[in-house]
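Colleague: I should like to learn how to read the features of a structural model. May we go through them one at a time?
Modeller: Certainly; let us begin with the view itself.

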There are 2 protein chains.
Amino acid sequence: MVKRTSFEHDDCPIARSLDAIGDWWSMLIIREALFGVSRFGEFQKRLGLAKNILTVRLRALTDQGILKTAPASDGSAYQEYLLTRKGRGVFPILVALRQWSEEFDERPEEISTILVDKENGQPVRKLELYSQDGRPLGAGDTALKSRPAEKQGKRATASPSS
Amino acid sequence: MVKRTSFEHDDCPIARSLDAIGDWWSMLIIREALFGVSRFGEFQKRLGLAKNILTVRLRALTDQGILKTAPASDGSAYQEYLLTRKGRGVFPILVALRQWSEEFDERPEEISTILVDKENGQPVRKLELYSQDGRPLGAGDTALKSRPAEKQGKRATASPSS
DNA sequence: CAATCTAGTTTAATTATGCAACCATTGGAG
DNA sequence: CTCCAATGGTTGCATAATTAAACTAGATTG
């Protein structure tokens, strides 16, 4: 099988996320949805993708519980696509992607927008990872530990495999 | 051309990031690199991808300044792939992806590892977006503003297009 | 100097993507 | 009530991208 190796059953959570939303269009669809886009035609117009692909992506996102379809809401009886809680949870990922581009892109002048706090119009802070006691952590300050079984006495052996 | 519409010249920073690292393998290669993997064979063994793909990905990542090749370091004269500063900057994206999976995956018991603070072994905090004055911000608390021209008097008109 | 490891390249199959044309439903004009 | 356009898709086909597997070539080991 040449099939696009699915990471659905990989035990690495990064791989799992990528399996769900790790393609260009899904991420951009969620981006638009976070800005209030909910109609098929509007997604299509704003993203400029082919309708068949949009159909497939919307269905996949819906199947995964990232989007849900609501009957209508605005006038005419078509359906609209709304984010679920899981879908809204993608927001930090999009922010991280945005900030990476803002910091490292070699043509930052082509970036036209900045993300600001709606309250006062000021740019948001850079996302940072903190320890429980509030120290900022870089990649080198972290390690992977085998997950301590939540309720069951199920405990894997430690191995830094992902 | 049916070519995978490149977002390289899109003015949305999210699209630009996705264009650079928005495929499964690139992201996973960077994940491994952050854990110290640097040799071709090791990437191949740990990720289980085909060598030709690894070749293409490594070259693309190198061309983009995310990885750099160093002559050897450990004994024999082969080369190794090391992360640049830009490459290490991907870390928050990977953390965001990981945490999304940890929070919303419907089979969290299959996730085998957790990310911990190396100092004390405690789990890291959840990534959160903050305003300049320290309030936590959700997607709804933010807006996009046209970028205020940095040095030049180049100013785009406001439009919430990305 | 033969076997093997590393780091690829080539080949050929499978899949995804994009375009265009087509179908179905809704809403309005005549 | 009928026709026409808009919305929201589905279907078919050509082409580009991914992929696994086989092959290659230089370095290392025995």
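**An aromatic pair and its surroundings**

Modeller: This is a predicted model. Trp100(A) has a relative accessibility of 4%, so this residue counts as buried.

Colleague: Which helix holds Trp100(A) and Phe104(A)?

Modeller: Both belong to helix α6 of chain A, residues 91–104, where they stand four residues apart, about one turn of the helix. Phe104(A) is buried as well, at a relative accessible area of 12%.

Colleague: How is a pair of aromatic rings described?

Modeller: One gives the distance of the centres and the angle of the planes. Over all chains, the structure holds two aromatic pairs. In the pair of Trp100(A) and Phe104(A), the ring centres are 6.1 Å apart and the planes meet at 45°, so the pair is tilted. The reasoning rests on a cut-off: planes under 30 degrees apart count as stacked, over 60 as edge-to-face and the rest as tilted.

Colleague: What do Trp100(B) and Phe104(B) form?

Modeller: They form a tilted aromatic pair, with 6.1 Å from centre to centre and 45° between the planes. These two residues lie in helix α6 of chain B. Trp100(B) is buried at 4% relative accessibility, and Phe104(B) is buried at 13%.

Colleague: What rotation superposes chain B on chain A?

Modeller: A rotation of 180°, with 0.0 Å of shift along its axis, superposes them with an RMSD of 0.1 Å. The two copies are thus related as by a two-fold rotation axis. Moreover, 100% of the interface residues of chain B are also interface residues in chain A, so the copies meet through the same surface.

Colleague: How should one read a single helix, and which residues of α4(B) are buried?

Modeller: One may begin with its span. Helix α4 of chain B, residues 51–63, has 13 residues and reaches 18 Å from its first C-alpha to its last, close to the 18 Å expected at 1.5 Å a residue. Its buried residues are Leu54(B), Leu58(B) and Leu61(B). Seen down the helix axis, they fall within an arc of 65°, so they line one face of α4(B). Asn52(B), Arg59(B) and Asp63(B), on the other side, are exposed.

Colleague: What covers the buried residues of α4(B)?

Modeller: The cover includes α1, α2, α3, β1 and β2 of chain B. After α4(B) comes Gly65(B), whose phi is positive, near 80°.

Colleague: Where is Ser26(A) placed, and is this residue buried or exposed?

Modeller: Ser26(A) lies in helix α2 of chain A, and its 3% relative accessibility counts as buried. Not counting residues up to four places away in sequence, Ser26(A) touches Ile21(A), Arg57(A) and Leu61(A).

How values were computed
Residues are numbered from 1 along each chain as its sequence is written. Chains are lettered from A and ligands numbered from 1 in the order in which they are written. This is a predicted model: local features need pLDDT of at least 70, side-chain atom pairs count only at pLDDT 80 or more; totals for chains, interfaces and linings use all residues. Side-chain values use heavy atoms; hydrogens and water are left out. Copies are superposed by least squares on the C-alpha atoms of residues with pLDDT of at least 70 in both. Contact means heavy atoms within 4.5 Å. The expected span of a helix is 1.5 Å times one less than its number of residues. Buried means under 20% relative accessible area, exposed over 50%, partly exposed in between (1.4 Å probe, protein chains only). The arc is that of the directions from the helix axis to the C-beta atoms. Rings of Phe, Tyr and Trp (its six-membered ring) pair if their centres lie within 6.5 Å; planes under 30 degrees apart count as stacked, over 60 as edge-to-face and the rest as tilted.
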